[in-house]
Amino acid sequence: MRAAVLHETGQDKLEVLDDIEAVGFGPGKVRLRLRATGLCHSDLSAMAGVLPQPAPFVPGHEGAGEVLDVGDGVTGLSAGDRVLVCWLPACGGCPACRRGQTELCLTGFMNAGTPNFRRSGGSPQDLFGMSGTGTFAEEIVLPAACAVPIPDDVPYDIAALIGCGVTTGLGAVFNTARVEAGSSVAVIGCGGVGISVIQGARASGAAQIVAVDPVESRREAALRFGATEAVTPDGLDTAKNSVTAGEGFDYVFEVVGRSATARRAYEITRRGGTLCVVGAGALDDFLQFNMFELFFDEKRILPSLYGGGDVLRSYRRTIDLWRAGRIDLEGLITHRVRLGEINDAIGQMRTGEALRTCIEI
């Protein structure tokens with residue numbers, strides 16, 4: 001089968017190979033035929049080494065497809081079922097799961113250390129899948145908990161987005177920050193996840209939503225998806241003064257994953273307000289505060305991992321909002337390519353041209 005492979009961390013491009021096989025099928029596992037996958041900025045971060053990921057590996061973690069086969073002991077799934085890929089499944093039995101913080105379950109992260117692909121041509125070689133998945137492939141073998149059934153009316157491309165970016169952005173608003181109606185919101189970084197944050201803030205009834213991004217096309221998109229104003233980073237202070245009379249925003253979402261933008265987000269959050277960190281950053285990028293400002297300003301700093309809540313519940317809520325016309329998921333897909341054109345999609349994301357590119361497999 002075909003899959004896109006990164007041979008060494010730091011390489012800019014993927015190689016699409018046709019001698020890859022998905023391995024590891026057995027009890028408790030499912031084999032999927034992928035139909036669509038989204039390109040998430042986290043894929044690029046893993047390729048660059050910003051996010052830890054063993055190499056060589058097949059990137060991609062935002063996918064959807066159909067079940068080809070189920071292993072012994074798997075219940076609730078059958079061949080032919082339509083599913084989305086959950087890259088962070090909950091085991092249900094660890095301390096985090098028992099506390100109801102299923103997004104902190106480490107089972108999914110442990111999967112990333114086990115190869116789930118193999119190159120059979122030439123010199124045989126084991127390959128890892130990103131975050132234990134690897135959706136830039138025609139087929140994949142996963143633990144059954146990673147395959148979540150989807151209703152028949154949800155297209156594969158929409159389901160793929162729900163599998164990561166949309167759930168991350170909406171969940172940061174609904175689960176982590178819990179944005180209140182009538183509030184002021186700023187969103188720094190308006191790619192696919194940032195646009196989902198904007199849609200969540202609009203659905204929550206925020207009165208002002210200021211989108212911040214250096215790329216003009218993303219600022220224009222932010223306005224289409226519900227932002228009341230869109231500015232460059234240089235225009236942020238002016239927007240803060242005009243929207244909040246200089247006090248600062250009630251909620252600020254950092255959706256870039258860099259200490260510099262997180263620090264900037266903190267500065268424009270009002271005293272007693274909430275900074276929600278959504279972007280996935282590097283291990284060696286440190287964010288600094290002084291102890292007096294932490295005490296005196298009483299700003300809440302809330303990281304949000306994968307939407308900060310039960311992802312299965314978040315999936316269902318997203319589908320309900322999409323069906324009701326409260327959020328636009330089709331509009332997030334600005335580009336479509338085939339698997340063989342994956343490097344075109346990577347280039348579009350690096351330049352900021354694409355919000356989300358759907359790779360049709």
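A disulfide is a pair of cysteine sulfur atoms within 2.5 Å. This model is predicted: local features need pLDDT of at least 70, side-chain atom pairs count only at pLDDT 80 or more, and totals for chains, interfaces and linings use all residues. Residues are numbered from 1 along each chain as its sequence is written, and side-chain values use heavy atoms, with hydrogens and water left out.

**Exercise 1. Cysteines**

Task: Find how many disulfides the structure holds, and explain the result for Cys91 and Cys190.

Solution.
- Step 1. Searching the whole structure gives zero disulfides.
- Step 2. Take Cys190. Its closest cysteine sulfur belongs to Cys276, 14 Å away, which is too far for a bond.
- Step 3. Take Cys91. The closest cysteine sulfur is that of Cys94, at 3.7 Å, again too far for a bond.
- Step 4. Classify the surroundings. Buried means under 20% relative accessible area, exposed over 50%, and partly exposed in between (1.4 Å probe, protein chains only). Cys190 has 1% and is buried. Cys91 has 41% and is partly exposed.

**Exercise 2. Two open sheets**

Task: Give the strand order of the sheet of four strands and of the sheet of six strands, and name the edge strands.

Solution.
- Step 1. Fix the terms. Helices (H or I, at least four residues) and strands (E, at least two) are DSSP runs, numbered from the N terminus. Two strands pair if DSSP finds at least two bridges between them.
- Step 2. Read the sheet of four strands. The order is 3-8-9-5, the sheet is open, and the pairing is mixed. Strand 3 (20–22) and strand 5 (57–58) are at the edges; each has a single partner strand, so one side of each has no neighbour in the sheet.
- Step 3. Look at one pair. Strand 5 runs parallel to strand 9 (residues 125–129), and two bridges join them. Val58 is opposite Gly129 in strand 9.
- Step 4. Read the sheet of six strands. This open sheet has the order 14-13-12-15-16-17, with parallel pairing. The edges are strand 14 (229–231) and strand 17 (300–303), each with a single partner strand, so one side of each lacks a neighbour in the sheet. On average, neighbouring strands of this sheet are turned by 15° against each other, direction ignored.
- Step 5. Look inside. Strand 15 (residues 249–254) and strand 16 (residues 269–277) share five bridges in the parallel sense. Phe249 has Thr269 in strand 16 as its bridge partner.

**Exercise 3. Antiparallel pairs**

Task: Which strands pair with strand 6 in the antiparallel sense?

Solution.
- Step 1. Strand 4 (residues 29–38) pairs with strand 6 (residues 62–70) over eight bridges, antiparallel. Val30 has Val70 in strand 6 as its bridge partner.
- Step 2. Strand 7 (residues 82–85) also runs antiparallel to strand 6, and three bridges join the two. Here Ala64 is opposite Leu84 in strand 7.

**Exercise 4. Helix packing**

Task: Describe how helix 5 packs on helix 6, and how helix 1 packs on helix 12.

Solution.
- Step 1. Two packed helices are described by the angle between their axes and the distance between the axes. Axes are lines fitted to C-alpha atoms, for helices over the stretch in contact; angles run from 0 to 180 degrees between N-to-C directions.
- Step 2. Helix 5 (residues 165–177) and helix 6 (residues 192–203) have an angle of about 40° and axes 7 Å apart. Helix 5 is therefore oblique to helix 6. The cut-offs: under 35 degrees is roughly parallel, over 145 roughly antiparallel, 65 to 115 roughly perpendicular, and the rest oblique.
- Step 3. Helix 1 (residues 41–48) and helix 12 pack at about 100°, with axes 10 Å apart. Helix 1 is therefore roughly perpendicular to helix 12.
- Step 4. List the contacts (heavy atoms within 4.5 Å). His41, Leu44 and Met47 in helix 1 meet Ile346, Met349 and Arg350 in helix 12.

**Exercise 5. Two residues in context**

Task: Is Met349 buried or exposed, and which residues does Pro151 contact?

Solution.
- Step 1. Met349 lies in helix 12 (residues 342–351). Its relative accessible area is 6%, so Met349 is buried.
- Step 2. Met349 and His41 are 308 residues apart in sequence, yet 7.4 Å apart in space, C-alpha to C-alpha.
- Step 3. Pro151 sits in the loop between strand 11 (147–149) and helix 4 (156–162). At 28% relative accessibility, Pro151 is partly exposed.
- Step 4. Setting aside neighbours within four places in sequence, Pro151 contacts Arg82, Ile319 and Arg323. The C-alpha atoms of Pro151 and Ile319 are separated by 9.0 Å, with the residues 168 apart along the chain.
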